[in-house]
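This briefing walks through a single protein chain, going from the contacts of individual side chains to the fold as a whole. Please keep the sequence and the coordinates at hand while reading the grouped points.

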Amino acid sequence: MKKWLFRIVWIPVLLLAVLFLVANRTLVPISLDPFRPDNPAMSTPALPLWFWLMGMLFIGVALGAAGQWLSGRETRAQARDNRRELRAVKKELAALEARQQKAAPEEDPAEPPKLEATNI
């Protein structure tokens, strides 16, 4: 069901985006000077509008991903600390079990325990 819903929603959106990008092929320079639009001090070379749109989309996605990665920094640090602590606890538990096995007398697990008779 999710696959069909995904296809029903996103395939038309992607087709519209491709049609929009193909329809806007004119060369557009981007001016970075708001005070002199007729003779800008800073301007980009004239490239197709779809190039600028896709470039801004990719930059937005990259900045969003970087923001998500930076915001998860504390969680990843906590996970690393927890992993180190877990390893130390497992190592300590293994050492304790080894010491306990050395201290305990050897018993044959196939032999049932012996019952002692009590006087009543």
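Threonine 44 is found in the loop between S1 and S2, and at 18% relative accessibility it counts as buried, because the cut-off for burial is under 20% relative accessible area. The model is a predicted one, and the values below are computed from its atoms.

**The loop between the strands**

- The side chain of threonine 44 has a polar atom that lies 2.8 Å from the backbone nitrogen of isoleucine 30.
- Aspartate 33 is also placed in a loop, the one between strand S1 (27-28) and strand S2 (47-48), and with a relative accessible area of 11% this aspartate is buried.
- A polar atom of the aspartate 33 side chain lies 3.3 Å from the backbone nitrogen of phenylalanine 35.
- Aspartate 33 forms a salt bridge with arginine 36 as well, and the closest N and O atoms of that pair are 3.6 Å apart.
- The two partners of this bridge fall into separate accessibility classes, since aspartate 33 at 11% counts as buried, while arginine 36 at 42% counts as partly exposed.

**Salt bridges**

- Side chains of opposite charge can pair when their charged atoms come close.
- How many salt bridges does the chain have under the distance rule applied here? The count comes to 2 salt bridges, one of them being the pair of aspartate 33 and arginine 36 described above.
- Aspartate 81 forms a salt bridge with arginine 84, and here the closest N and O atoms are 3.3 Å apart.
- Both aspartate 81 and arginine 84 belong to helix H3 (residues 73-103), where they are 3 residues apart, or about one turn of the helix.
- Aspartate 81 is partly exposed, its relative accessible area being 41%.

**Aromatic rings**

- A pair of aromatic rings is described by the distance of the centres and the angle of the planes.
- A search of the whole structure finds 2 aromatic pairs.
- Tryptophan 50 and phenylalanine 51 form an edge-to-face pair, with 6.3 Å from centre to centre and 80° between the planes.
- Phenylalanine 51 and tryptophan 52 form an aromatic pair that is likewise edge-to-face, with 5.6 Å from centre to centre and 75° between the planes.
- Ring pairs thereby link Trp50, Phe51 and Trp52 into a cluster.
- Within this cluster, tryptophan 50 is partly exposed at 38% relative accessibility and phenylalanine 51 is partly exposed at 40%, whereas tryptophan 52 is buried with a relative accessible area of 16%.

**The nonpolar patch and a charge over a ring**

- Which residues make the nonpolar surface patch of about 880 Å²? The patch is made by Trp4, Leu5, Phe6, Ile8, Val9, Trp10, Val13 and Leu14.
- Valine 9, one of the patch residues, has its place in helix H1 (residues 2-23).
- Valine 9 is partly exposed with a relative accessible area of 41%, and therefore meets the requirement of over 30% relative accessible area that applies to patch residues.
- Tryptophan 4, which is among the patch residues, also takes part in a contact with a charge, as the charged end of arginine 7 sits over the ring of tryptophan 4 at 5.4 Å from its centre.

**The chain as a whole**

- The chain contains 3 helices and 2 strands, which follow the pattern α-β-β-α-α when read along the sequence.
- Of the 120 residues of the chain, 5% count as buried; the residues described above as buried include aspartate 33, threonine 44 and tryptophan 52.

Key: Residues are numbered from 1 along each chain as its sequence is written. This is a predicted model: local features need pLDDT of at least 70, side-chain atom pairs count only at pLDDT 80 or more; totals for chains, interfaces and linings use all residues. Side-chain values use heavy atoms; hydrogens and water are left out. A salt bridge is a side-chain nitrogen of Lys or Arg within 4 Å of a carboxyl oxygen of Asp or Glu. Buried means under 20% relative accessible area, exposed over 50%, partly exposed in between (1.4 Å probe, protein chains only). Helices (H or I, at least four residues) and strands (E, at least two) are DSSP runs, numbered from the N terminus. Patches are made of residues with over 30% relative accessible area and no salt bridge: like charges are joined within 9 Å, nonpolar side chains (Val, Leu, Ile, Met, Phe, Trp, Tyr) within 5 Å. Accessible areas come from the Shrake-Rupley method with a 1.4 Å probe; for residues, only the protein chains shown count as cover. Rings of Phe, Tyr and Trp (its six-membered ring) pair if their centres lie within 6.5 Å; planes under 30 degrees apart count as stacked, over 60 as edge-to-face and the rest as tilted. A charge sits over a ring if NZ of Lys or CZ of Arg is within 6 Å of the ring centre and within 35 degrees of the ring normal. A polar contact is a pair of N or O atoms within 3.5 Å; within protein, one must be able to donate a hydrogen and the other to accept it, and residues adjacent in sequence count only if both atoms are side-chain atoms.
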